[in-house]
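Open the structure in your viewer and keep the selection tool at hand. We will go stop by stop.

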Amino acid sequence: MTTPTIAVGDRVPDGKFNYVPHTPELDDPLACGSPTSTTATELFAGKKVVLVSVPGAFTPTCHVNHLPPFLARYDEFKSKGVDIIAVLAANDAFVMSGWARVQGLKDKILALSDGNAEWSKAMGLTVDLSHVGFGLRTARYAIVLDDLVVKYLGVEPARGVTVSGADAVLEAL
C-alpha cells in the first residue's frame, strides 16, 4: 500500500520528466523520435493538469482499463478547463512513446517518463514490484493540479482502477 506524503492543497515538488514529443514522423512504426526533458514547473505552472500515473506501460490493467478512458473522454476533460492531460510511468521515454503510439494518444495526452520513479517517490507515490521483477514503480494514482497545487489526489488502495480512473477524476473537476 502506498502512503502519500503529499495532500490536497500542497504544491507538487519540481522534478524531471523525459518524453518524446508527438510528431507526424512517429506515425511510421520504425521511427523513434528524439526524447526531450522538461520539469514539472516548466510543464505544469499556470495550467490545470490531469496527471494519471500507472505502474507500467503495456501492462494489462494500465493498457486496457486505466489509460483508454482518459483518451475516450478527452473532450470532456477539455470542456472542464483542463489544459494538459498526461500519463506518467517509470518506463523510459521510448517505451512511453511506443505505448502512446499504440494507444493513439498523438498530441492529446503526454506520455511522460518518471525515470526511476524519482518524482513520484518525492511524494510517497511509489510501489515496489520487485517480487514480480519490475522493481520500484510509480503507484497507480491520479492528480489534478492547478498551477502546481494539488486539487485532487486519488491513490488506488488496491489492485484495479477506481479513484484514479477517468470517471473519478471528471467528477472531481
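Which residues of β4 are buried on one side, and which on the other? Select strand β4, residues 84-89, in this predicted model. On one side sit Ile84, Ala86 and Leu88, and on the other Ile85, Val87 and Ala89. All of these are buried, so both faces of the strand are covered. The count for β4 is 6 buried residues out of 6. In a regular strand the side chains alternate between the two faces of the sheet.

**The neighbours of β4**

Add strand β3, residues 48-53. β3 and β4 pair in the parallel sense, over 5 bridges. To find one of these bridges, pick Val49: its partner in β4 is Ile84.

Now add strand β5, residues 109-113. The pairing of β4 with β5 is parallel too, with 5 bridges. Here, pick Ile85, whose bridge partner in β5 is Ile109. Next, trace the chain between these two strands. It leaves β4, passes through α4 and reaches β5. This β-α-β crossover is right-handed.

**Helix α4**

Select residues 93-103, which form helix α4. Colour its buried residues: Ala93, Met96, Ser97, Trp99, Ala100 and Gln103. Then turn the view until you look down the helix axis. The buried residues fall within an arc of 165°, so they line one face of α4. An α-helix has 3.6 residues a turn, so residues three or four places apart point the same way.

Now visit both ends. At the start of α4, show Asp92 and Phe94. A side-chain oxygen of Asp92 comes to within 2.8 Å of the backbone nitrogen of Phe94. After the helix comes Gly104. The phi of Gly104 is positive, near 75°.

**Thr138**

Move on to strand β7, residues 136-138, and select Thr138. Is Thr138 buried or exposed? Its relative accessibility is 0%, so Thr138 counts as buried.

Show the side chain of Thr138 together with Ser53 and Val54. The side chains of Thr138 and Ser53 make a polar contact at 3.3 Å. A polar atom of the Thr138 side chain also lies 2.6 Å from the backbone oxygen of Val54.

Now widen the selection. Leaving out residues up to four places away in sequence, Thr138 touches a set of residues that includes Pro55, Asp114, Ala117 and Ser120. Also among them are Leu88 and Ala89, two residues you have already seen in β4.

**The ring cluster**

Last stop: select Phe17, Phe44 and Trp119. Ring pairs link these three into a cluster. The structure has 4 aromatic pairs in total.

Start with Phe17 and Trp119. Their ring centres are 5.1 Å apart and their planes stand at 75°, so this pair is edge-to-face. Phe17 belongs to strand β1 (residues 16-19) and Trp119 to helix α5 (residues 118-122). The two residues are 102 residues apart, so this pair links distant parts of the chain. Both Phe17 and Trp119 are buried.

Now switch to Phe44 and Trp119. How are their ring planes set? The planes are at 55° and the centres 6.5 Å apart, so the pair is tilted. Phe44 lies in helix α1, residues 40-44. With Trp119 in helix α5, the pair ties together parts that are 75 residues apart in sequence.

Finish with burial. Phe44 has 0% relative accessibility, so Phe44 counts as buried. For Trp119 the value is 2%, so Trp119 counts as buried as well.

Technical notes: Residues numbered from 1 in each chain as written. Predicted model: local features only at pLDDT ≥ 70, side-chain atom pairs only at ≥ 80, totals over all residues. Heavy atoms only, no water. Buried < 20%, exposed > 50% of the residue type's maximum accessible area, 1.4 Å probe, protein only. Helix = DSSP H or I, 4+ residues; strand = E, 2+ residues; numbered from the N terminus. Arc of directions from axis to C-beta. Polar contact = N/O pair within 3.5 Å; in protein donor to acceptor, adjacent residues only side chain to side chain. Contact = heavy atoms within 4.5 Å. Pairing = 2+ DSSP bridges. Right-handed = clockwise from strand over helix to strand, strands pointing away. Phe/Tyr/Trp six-rings, centres within 6.5 Å; stacked < 30°, edge-to-face > 60°.
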